[in-house]
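Student: Could you walk me through this model, one question at a time?
Tutor: Gladly; let us look at it together.

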Amino acid sequence: LSSMLFGIVLGIFINIFLLPSTFIETFIINDILSTVASLFLILLKMIVLPLIFVSIISGIVSVSDISTLGRIGIKTFALYVLTTIFAISLALFLSSFIDYDMSLNNNVIVEAANLNQPDTNIILSFFPENFFAALASGNIIQVLVFAIFIGVASAMIKTEVTQFINLIENLNRIFNKIVLIIIKMTPLAVFCLLTKTFALQGIDVFIPLLKYFFVVASVLVIHF
């Protein structure tokens, strides 16, 4: 929160008193602030898929009775669907009271609508023809499905693959530690991101951001 506030203040100061300046825009904003903020997001994306893959396998293998996996899976899926429906409905309801300026986003909305048109069987799209291709393209659903297959198969022959299970559990610990290391960058990344945003956009961006922050924070509190 301190980094957020300091970033906003510094960004507004740069926008009002130091711009336009080639040195500030090129070196300070684009080379330093943008790099640090982008690095944080890249690191998060880097660890997401490996973490999901090993944590799912580790979780399934840790179940003592393999026959309970079906019941756990159904309950988990049902809970996921219910909480997702509630979260989306709550977000849309609260957002309906906020007056957003959508004029700049019309093209984006049209492109997103076109991209979301299904061109294949939705069920078949869950299953990867090539696991490594799914991993490389960042297809979380396909990686998740493959992890479930690996986890169930490993659980069925648990006594025969103890070394593999130990490896997965150790990788799970390592990846979780990496996440904690990356999260330590959050204050610096938030500072750089907000300083860059307010330096380039000025105080005019504050009201839309405040509306967005209000909606997100309110929905999270209500949902909790």
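What follows is a conversation about the helices, cores and pocket of this chain.

Student: Before we start, which ground rules apply to this model?
Tutor: This is a predicted model, in which local features need pLDDT of at least 70, side-chain atom pairs count only at pLDDT 80 or more, and totals for chains, interfaces and linings use all residues. Residues are numbered from 1 along each chain as its sequence is written, and side-chain values use heavy atoms, with hydrogens and water left out.

Student: Which helix gives the most to the largest nonpolar core?
Tutor: A nonpolar core is a set of buried Ala, Val, Leu, Ile, Met, Phe, Trp, Tyr and Cys residues joined through side-chain atoms within 4.5 Å. The largest one has 17 residues, and Phe53, Val54, Ile57, Val143 and Ile182 make the most contacts inside it. At least two residues each come from α2 (22–61), α5 (131–137), α6 (140–156) and α7 (162–183), helices here being DSSP runs (H or I, at least four residues) numbered from the N terminus. The top contributor, with 8 residues, is α2.

Student: Which residues does the second, separate core include?
Tutor: Nonpolar side chains tend to be buried together in soluble globular proteins. Here a second core stands apart from the one just described, and has 10 residues. Among them are Ile14, Ile29, Leu33 and Phe191.

Student: What arc do the buried residues of α7 fall within?
Tutor: The buried residues of α7 are Ile165, Ile168, Asn172, Phe175 and Ile182, where buried means under 20% relative accessible area, exposed over 50%, and partly exposed in between (1.4 Å probe, protein chains only). They line one face of the helix, because seen down its axis (using directions from the axis to the C-beta atoms) they fall within an arc of 105°.

Student: Which exposed residues sit on the face of α7 turned away from that buried side?
Tutor: The buried residues of α7 pack against α2, α6 and α8 (186–201). Turned away from them is a face with the exposed residues Gln163, Arg173, Lys177, Leu180 and Ile181.

Student: Is Asn172 buried or exposed, and what is its relative accessible area?
Tutor: Asn172 belongs to helix α7. Beyond its neighbours within four places in sequence, Asn172 is in contact (heavy atoms within 4.5 Å) with Leu51, Val54, Ser55 and Ser58. Asn172 counts as buried, since its relative accessible area is 16%.

Student: With which residues is Ser58 in contact, leaving aside its neighbours within four places in sequence?
Tutor: Ser58 lies in helix α2. Its 14% relative accessibility makes Ser58 buried. Its contacts outside that sequence window are Ile168, Glu169 and Asn172.

Student: What is the volume of the largest pocket?
Tutor: On a 1 Å grid over the protein atoms alone, a pocket is an open set of points where a 1.4 Å probe fits, with protein on both sides within 12 Å along at least five of seven lines; lining residues have an atom within 4 Å of a point. The largest pocket has 19 lining residues, and Gly73, Thr76, Phe77, Leu144 and Ile148 lie nearest its centre. Its volume, the space filled by probe spheres set on the points, is about 770 Å³.

Student: Which helix gives the most to the lining of the largest pocket?
Tutor: α2, α3 (69–95) and α6 each supply at least two lining residues. The one that gives the most, with 8 residues, is α3.

Student: How far does α3 reach from its first C-alpha to its last?
Tutor: α3 has 27 residues, and the expected span is 1.5 Å times one less than that number. This gives an expected 39 Å. The reach in the model is close to that, at 38 Å.

Student: Which buried residues does α9 (206–223) have?
Tutor: The buried residues of α3 pack against α2, α6 and α9, and what covers the buried residues of α9 includes α3. On the other side of α9, Leu220 and Val221 are exposed. The buried residues of α9 are Val215, Ser218 and Val219.

Student: Which peptide bond is cis, with omega near 0°?
Tutor: Most peptide bonds are trans. Pro20 is placed in the loop between α1 (2–18) and α2. The cis bond runs from Leu19 to Pro20.
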